[in-house]
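Biologist: Please take a close look at the aromatic rings here, and describe with care how each is placed relative to its partner.

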Protein chains: 2
Amino acid sequence: MNALFKALDDPTRRKIIELLREKDLSAGEIAEAFNISKPSISHHLELLKKAEVVVAVRKGQFIMYSLNTTVFDELAKWVMDLLKKDK
Amino acid sequence: MNALFKALDDPTRRKIIELLREKDLSAGEIAEAFNISKPSISHHLELLKKAEVVVAVRKGQFIMYSLNTTVFDELAKWVMDLLKKDK
DNA sequence: TAGGTATTTAGACAAATATCTAAATACTGT
DNA sequence: ACAGTATTTAGATATTTGTCTAAATACCTA
């Protein structure tokens, strides 16, 4: 969970997540959505990967990124537990 | 949401949240749960307050902290939207 | 109002983070 | 095997963050 919360604590990474919610994208396509250098985006993708928020698969010349929503199930559970009225 | 994600990106602050889930506590009581100086805890509480995760009310000599779960509703919504299958 | 307890503010410092440019790696097609 | 495209790795730098100690503020009680 630590890595997940770290991954979510950045507007760029949250925007990447929202982009990937629409459809899978290559690293280059993701980078085009930002005014940030490709290496920086690559770094953000690395953190998202470490947190298991995204999965990277090479497709020939490209590396395609997609969301792994599994990890959000855990987050949803964490939040729901907090919201439960009875201790 | 930015402040909320920042607030959640720290193990100490997440533990504070879980302590406050059990019952309201004074700043001192919270500090006792950690091997961290009181000023540091005070700083964490400040961030949690900024994120509207906690509410502070002075009760005489003490300042009592309690959770404001409202902000987690928003987070739950954010997570649920991500998990929605369609689009 | 003086002394004690609770908490925060101020200021310093080390570690972590986001960003950049330059270079390295991996693949494609001729 | 070479030239081009896609992406990451390396190394540097400025900013942010978590922590500390010392001092300030706020309240209580005698």
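Modeller: A charge is taken to sit over a ring if NZ of Lys or CZ of Arg is within 6 Å of the ring centre and within 35 degrees of the ring normal. In this predicted model, Lys15(B) lies over the face of Phe34(B), at 5.1 Å from the centre of the ring, and in chain A the charged end of Lys15(A) sits over the ring of Phe34(A), with 5.1 Å to the ring centre.

Turning to rings that pair with other rings, the whole structure, searched over all chains, holds 4 aromatic pairs. In one of them, the centres of the Trp78(A) and Phe72(B) rings are 6.2 Å apart and the planes stand at 70°, so the pair is edge-to-face. Because Trp78(A) belongs to helix H5 (residues 70-83) of chain A and Phe72(B) to helix H5 (residues 70-83) of chain B, this pair joins two chains. Trp78(A) and Phe72(B) are both buried, and ring pairs link these two residues with Phe5(A) into a cluster.

Within chain B, the rings of Phe5(B) and Trp78(B) also form a pair, which is edge-to-face because the planes are at 65°, with the centres 5.1 Å apart. Phe5(B), in helix H1 (residues 2-8) of chain B, and Trp78(B), in helix H5 of chain B, are 73 residues apart, and their pair thus links distant parts of the chain. With buried meaning under 20% relative accessible area, Phe5(B) counts as buried at 1% relative accessibility, and Trp78(B) likewise counts as buried at 13%.

Terms used. Residues numbered from 1 in each chain as written. Chains lettered and ligands numbered in written order. Predicted model: local features only at pLDDT ≥ 70, side-chain atom pairs only at ≥ 80, totals over all residues. Heavy atoms only, no water. Phe/Tyr/Trp six-rings, centres within 6.5 Å; stacked < 30°, edge-to-face > 60°. Helix = DSSP H or I, 4+ residues; strand = E, 2+ residues; numbered from the N terminus. Buried < 20%, exposed > 50% of the residue type's maximum accessible area, 1.4 Å probe, protein only.
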